[in-house]
Amino acid sequence: MQRAVIFDMDGVIFDSEVCVCAIWKEIAEEFNLPNIEEVYIKCIGINDAATEQVFKDAYGTDFDYRFYQKISSKKFHARYDGGKLPMKAGVFEILDYLKDNGYKIALASSTRVATVTGQLKAAGIYDYFDEVIGGDMVAKSKPEPDIFLEAAKRLG
C-alpha cells in the first residue's frame with residue numbers, strides 16, 4: 001500500500017484566506033457592502049459558482065459578483081504574486097518529513113491548476129508534490145470531493 005498525503009492549498013499551505021478576507025474588507029469599505037466578513041466566511045472551501053450564490057443570497061440577485069471578484073483578484077495578484085503569499089508555519093518541515101519518509105504528496109485545490117502551480121513554484125515548494133490537481137481538472141470542484149479523489153487515484 002502506498003503511503004500518501006493530500007494537501008489542500010488555501011488555508012493549509014498558504015495563509016491566503018486571511019489575505020483574501022482583508023482584500024474583501026477593503027472592497028466592502030469602498031463600495032459599502034455590509035457584513036462582508038460573515039459573507040466571506042461562508043465562501044471558504046467552496047467553488048466560484050457557489051461563492052457567487054452566497055454573495056447573491058447576501059446582497060440580492062442583481063448583485064454583480066463578477067465585478068467585485070475581478071477587483072478582488074486584481075488586488076490579490078498585485079499584492080501576493082511572485083512568492084509574496086505568506087505560508088503557514090511548518091510547511092517546509094512537514095514536506096521535508098514526508099519526502100524523507102517515502103510518502104507520495106499531492107496538492108488538491110479548487111483553484112485553477114495554473115494558479116496553483118504558479119503559487120507553489122513562487123514559494124519554492126512545487127517540487128515536493130508528486131501530483132497537483134486544480135479545480136479546473138475535474139468535473140465537480142469543492143465542496144464535492146472530486147479533486148481529492150483524483151489526487152488519491154493519481155498517487156495510487
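Here a trainee and a mentor talk through a predicted model, from its sheet to its helices and a few single residues.

Trainee: Let's start with the sheet: what is the order of its three strands?
Mentor: Happy to begin there. The sheet is open and its strands pair in parallel. The edge strands, each pairing on one side only, are β1 (4-7) and β3 (131-134). From one strand to the next the twist averages 15 degrees. The order is β1-β2-β3.

Trainee: How many bridges join β2 to β3?
Mentor: Strand β2 covers residues 104-109 and runs parallel to β3. Two places where you can see the register are L107, opposite V132 in β3, and A108, opposite I133 in β3. The number of bridges joining β2 to β3 is four.

Trainee: And on the other side, which residue of β2 does A4 stand opposite?
Mentor: Look at the pairing of β1 with β2, which is in the parallel sense and extends over four bridges. In that pairing, A4 stands opposite a β2 residue, namely K104.

Trainee: What is the hand of the crossover from β2 to β3?
Mentor: Follow the chain out of β2 and it goes through helix α6, residues 113-123, before arriving at β3. That makes a β-α-β crossover, and its hand is right-handed.

Trainee: Which strands does helix α7 touch?
Mentor: Two helices are worth viewing together here. Helix α5 (residues 91-100) packs on the sheet with contacts to β1 and β2, and its direction makes about 155 degrees with that of β1. Helix α7 (residues 146-155) also packs on the sheet, with its direction at about 155 degrees to that of β2. The strands that α7 touches are β1, β2 and β3.

Trainee: How many residues of β2 are buried?
Mentor: Both α5, which touches β1 and β2, and α7, which touches β1, β2 and β3, have contacts with this strand. β2 is mostly covered, and of its six residues the number buried is five.

Trainee: Is D8 buried or exposed?
Mentor: D8 sits in the loop between β1 and α1. Beyond its neighbours within four places in sequence, its contacts are I13, L107, A108, S109, K142 and F148. Its relative accessibility is 19%, and the limit for this class is under 20%, so D8 counts as buried.

Trainee: Now the helices: are α1 and α4 parallel or oblique?
Mentor: The axes of α1 (residues 16-31) and α4 (residues 65-80) come within 10 Å and cross at roughly 125 degrees. That angle is why α1 is classed, relative to α4, as oblique.

Trainee: Which hand does the crossing of α1 and α4 have?
Mentor: The contact involves many side chains, including W24, I27 and F31 in α1 and F67, I71 and Y80 in α4. As α1 passes α4, the crossing is right-handed.

Trainee: Which residues of α2 make the contact with α1?
Mentor: Helix α2 spans residues 36-43, and it packs with α1 at an angle of about 145 degrees, the axes being 10 Å apart. This crossing is right-handed. On the α1 side the contact is made by E17, V20, C21, W24, K25 and A28, and on the α2 side by I36, E37 and Y40.

Trainee: What is the phi of N32?
Mentor: A little background helps: most residues other than glycine have a negative phi. N32 lies in the loop between α1 and α2 and is exposed, with a relative accessible area of 67%. Although N32 is not a glycine, its phi is positive, at about 55 degrees.

Trainee: Is N35 buried or exposed?
Mentor: N35 is in the loop between α1 and α2. Its phi is positive, near 55 degrees, in a residue other than glycine. Its relative accessible area is 53%, and the class requires over 50%, so N35 is exposed.

Trainee: One last thing: how many Å apart are G102 and L155, C-alpha to C-alpha?
Mentor: G102 is in the loop between α5 and β2, and it is partly exposed, with a relative accessible area of 49%. In sequence G102 and L155 are 53 residues apart. In space, C-alpha to C-alpha, their separation is 13 Å.

Methods:
Residues numbered from 1 in each chain as written. Predicted model: local features only at pLDDT ≥ 70, side-chain atom pairs only at ≥ 80, totals over all residues. Heavy atoms only, no water. Pairing = 2+ DSSP bridges. Axes fitted to C-alpha atoms, helices over the stretch in contact; angles between N-to-C directions. Contact = heavy atoms within 4.5 Å. Buried < 20%, exposed > 50% of the residue type's maximum accessible area, 1.4 Å probe, protein only. Right-handed = clockwise from strand over helix to strand, strands pointing away. Parallel < 35°, antiparallel > 145°, perpendicular 65-115°, else oblique. Left-handed = near helix turned anticlockwise from the far one by under 90°.
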